[in-house]
Amino acid sequence: MGTRLKITLSLLLCIVVGMIVTRLALQYWPAIKQHVWPNTSLYSTSNTPLKSAYTNANITPLNWAMLLPQSEKQTIGKYQAKQAQNLEGMTAQILRSIQASSDQDYQQALSSTNTIDRLDNKMVTISGFIVPIDFYEDKSVQHLFIVPYFGACLHFPPPPPNQMIFTRLEPGFSELDITQAYTLNGKINQGLFEDPMGTSAYILDTVSIDKFYGQPDDFRKH
């Protein structure tokens, strides 16, 4: 094998390995950061009994799909966006959109306030993006929604009420970055909260807030 061919093959191998390493890094870097970075709490409630109850409870890790009734999960799942690879895929995507617009069950699921009874009064942890509703005089966040994906209620329509969580904070949260995902820990309950920005079907008594590195939404495809 000639020297030039060896050099060419070596370069190609380096490029392929580099592409693989880059792809893996992009895929797993958020999870790596989540485990490696020091996870200092950014917020702690002033409610001492709630804090004590959370510390001594069995904590249920929640993802957003767990907040949906099974029937609604299946209905919404039928119309999840699938990346079109060709003309046939684009056509199928358009047909799904047309079908979704006339599917009564799907339209009802998009505004559903149905919740999961067994989650009531559970001590939980859930990650999402913060949508501030109002503030204390010092500009710290007083009331907020937790939503599955960035831009909900701000740049995009709000998610269904059973995919939004309302919480009141005391003291306020002053570390807000709307592009950053956070993990909120506390006690979840069923309960409606309505605001011009959206309606939530769950309420969280928040104990603490930490940064979250990654994509919180395990259900929708954006």
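Here are some friendly notes on this predicted model, point by point.

1. Let's begin with the strands. E6 (181-195) pairs with E7 (198-212) in the antiparallel sense, over 13 bridges. The two form a hairpin, with two residues between them. If you would like one pair to look at, find Lys187, whose bridge partner in E7 is Asp205.

2. E6 has another partner as well: E3 and E6 pair over eight bridges, again in the antiparallel sense. Here Ser127 stands opposite Thr183 of E6. While you follow these strands, recall that side chains in a regular strand alternate between the two faces of the sheet.

3. Next, the interior. The largest nonpolar core has 22 residues, and those with the most contacts inside it are Leu67, Ile165, Phe173, Ile188 and Tyr202. At least two residues each are supplied by strand E3 (122-135), E4, E5, E6 and E7. Which strand gives the largest share of this core? That is E7, with four residues.

4. Tyr202 deserves a look of its own. Leaving aside neighbours within four places in sequence, Tyr202 is in contact with Leu67, Ile165 and Ile188, among others. The list of its contacts also includes Thr115, Ile116 and Leu119, as well as Pro161, Asn162, Met164 and Phe166. Asn189 and Gly191 are also among the residues that Tyr202 contacts.

5. Apart from the largest core lies another, of 14 residues; Ile133, Cys153, Met164 and Phe166 are among them. Two of these names, Met164 and Phe166, appeared above as contacts of Tyr202.

6. Now for the loop between E4 and E5, where Pro159 has its place. Is Pro159 buried or exposed? Its relative accessible area is 6%, under the 20% limit, so Pro159 counts as buried. Leaving aside neighbours within four places in sequence, Pro159 is in contact with Val147, Pro148, Tyr149, Ala152, Cys153 and Met164. The C-alpha atoms of Pro159 and Gly198 are separated by 8.1 Å, although these residues are 39 apart along the chain.

7. Cys153 lies in that loop between E4 and E5 too. Cys153 is buried, because its relative accessible area of 14% is under 20%. Do check its backbone: phi of Cys153 is near 75°, a positive value in a residue other than glycine.

8. Asn121 also has a positive phi, near 65°. The place of Asn121 is in the loop between helix H5 (104-109) and E3. With a relative accessible area of 48%, Asn121 is partly exposed, because this value falls between 20% and 50%. As background, most residues other than glycine have a negative phi, and most peptide bonds are trans.

9. That brings us to a peptide bond worth inspecting. Glu170 and Pro171 are joined by a cis peptide bond, with omega about 5°. Pro171 lies in strand E5.

10. Finally, the second largest pocket, which holds about 210 Å³ of space. Of its 14 lining residues, Thr45, Asn47, Arg168, Leu169 and Glu170 are the closest to the centre. Strand E4 (141-147), strand E5 (165-173) and strand E7 (198-212) are the elements that give two or more residues to the lining. How many residues of each class line this pocket? Five are nonpolar, six polar and three charged. Glu170, one of the residues closest to the pocket centre, is also part of the cis bond with Pro171.

Terms used: Residues are numbered from 1 along each chain as its sequence is written. This is a predicted model: local features need pLDDT of at least 70, side-chain atom pairs count only at pLDDT 80 or more; totals for chains, interfaces and linings use all residues. Side-chain values use heavy atoms; hydrogens and water are left out. On a 1 Å grid over the protein atoms alone, a cavity is a set of points where a 1.4 Å probe fits but cannot get out, and a pocket is an open set with protein on both sides within 12 Å along at least five of seven lines; lining residues have an atom within 4 Å of a point. Grid points are joined across faces, edges and corners, and a volume is the space filled by probe spheres set on the points. Ala, Val, Leu, Ile, Met, Phe, Trp, Tyr, Cys and Pro count as nonpolar, Asp, Glu, Lys and Arg as charged, and the others, Gly among them, as polar. A nonpolar core is a set of buried Ala, Val, Leu, Ile, Met, Phe, Trp, Tyr and Cys residues joined through side-chain atoms within 4.5 Å. Buried means under 20% relative accessible area, exposed over 50%, partly exposed in between (1.4 Å probe, protein chains only). Contact means heavy atoms within 4.5 Å. Two strands pair if DSSP finds at least two bridges between them.
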